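Trainee: I have a protein model open. How do I start reading it?

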Amino acid sequence: MRLAPPLLLFVATAAFALGVTLPLIRVERLYFFTEEPSLAGMVAALWQGGDPLLATIIALFSIVFPAVKLMLLHVASHSGAAAHDRLPSWLRGLSNWSMMDVVLVALVIFAAKTSGLAAAFTKPGLWCFALSVILTVAVSALLRRERSAG
């Protein structure tokens, strides 16, 4: 059981990196215009488009907080129960926001499909990001169970 958290964290970290850099969705408009934005690309486009507050909020909740959570889980996983006890309490609060991006992209796809103005399709980045979120939650639960059992 002790091998599971580090292995799952490795996969979660790789999936997170892919989820941030690979396209999340494909939006086709009028058969001529196609966009396949990644999460990092969306943040950059918002920043360059004159919306730095929204870019900052999305970057914090979608990239920075999940990266910090992964980093802290790596430390807890490799350092044992004593390190897990020192994890900040706000780490559990981050879990509540974990699926926010996946849900938002799903809403965008739903809105595009029902409006008739565009067609939207999921891309590998969304699935990688979702996998990262699910594995991160699983590792957090495994570490919590190990801590309470030990």
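Mentor: We will go from the whole chain to single residues. Keep in mind that this model is predicted.

Trainee: How many helices and strands does the protein chain have?

Mentor: Begin with a count, then take the order. The protein chain has seven helices and three strands. Read from the N terminus, the elements go α-β-β-α-α-α-α-α-β-α.

Trainee: What share of the residues in the protein chain is buried?

Mentor: Look at how much area each residue leaves open. Of the 150 residues in the protein chain, 33% are buried. Now turn to the outside. The accessible surface is about 8800 Å². Carbon and sulfur atoms account for 72% of that surface.

Trainee: What share of contacts joins residues at least 24 apart?

Mentor: Set a minimum separation, then sort the contacts. Take those between residues at least 6 apart in sequence: 67% of them join residues at least 24 apart.

Trainee: How far apart are the end C-alpha atoms of helix 3?

Mentor: Compare the expected span with the model. Helix 3 covers residues 52-79, which is 28 residues. At 1.5 Å a residue, helix 3 should span 40 Å. Its end C-alpha atoms lie 38 Å apart, so the two values agree.

Trainee: Where does helix 3 bend?

Mentor: Follow the axis along the helix. Helix 3 bends by about 40° at leucine 60. Then check which side chains are covered. The buried residues of helix 3 include Ala55, Ala59, Leu70 and Leu73. Lys69 is also among them.

Trainee: Now a single residue. Is serine 38 buried or exposed?

Mentor: Use the relative accessibility. Under 20% means buried. Serine 38 has 13%, so it counts as buried. Place it next: serine 38 sits in the loop between strand 2 (33-35) and helix 2 (39-48).

Trainee: What does serine 38 contact, apart from neighbours within four places in sequence?

Mentor: Skip the near neighbours and list the rest. Serine 38 touches Val20, Thr21, Leu22, Pro23 and Leu24. Check polar atoms too. A polar atom of the serine 38 side chain is 2.9 Å from the backbone nitrogen of glycine 41.

Trainee: And leucine 46: where is it, and how accessible?

Mentor: Same routine. Leucine 46 is in helix 2. Its relative accessibility is 23%, so leucine 46 counts as partly exposed. Beyond four places in sequence, leucine 46 contacts Asp51, Pro52, Leu54, Ala55 and Ile58.

Trainee: How far apart are the C-alpha atoms of leucine 46 and isoleucine 58?

Mentor: Read both separations. Along the chain, leucine 46 and isoleucine 58 are 12 residues apart. In space, their C-alpha atoms are separated by 9.5 Å.

Technical notes:
Residues are numbered from 1 along each chain as its sequence is written. This is a predicted model: local features need pLDDT of at least 70, side-chain atom pairs count only at pLDDT 80 or more; totals for chains, interfaces and linings use all residues. Side-chain values use heavy atoms; hydrogens and water are left out. Helices (H or I, at least four residues) and strands (E, at least two) are DSSP runs, numbered from the N terminus. Buried means under 20% relative accessible area, exposed over 50%, partly exposed in between (1.4 Å probe, protein chains only). A polar contact is a pair of N or O atoms within 3.5 Å; within protein, one must be able to donate a hydrogen and the other to accept it, and residues adjacent in sequence count only if both atoms are side-chain atoms. Contact means heavy atoms within 4.5 Å. Accessible areas come from the Shrake-Rupley method with a 1.4 Å probe; for residues, only the protein chains shown count as cover. The expected span of a helix is 1.5 Å times one less than its number of residues. The bend at a residue is the angle between axes fitted to the seven residues ending there and the seven starting there.
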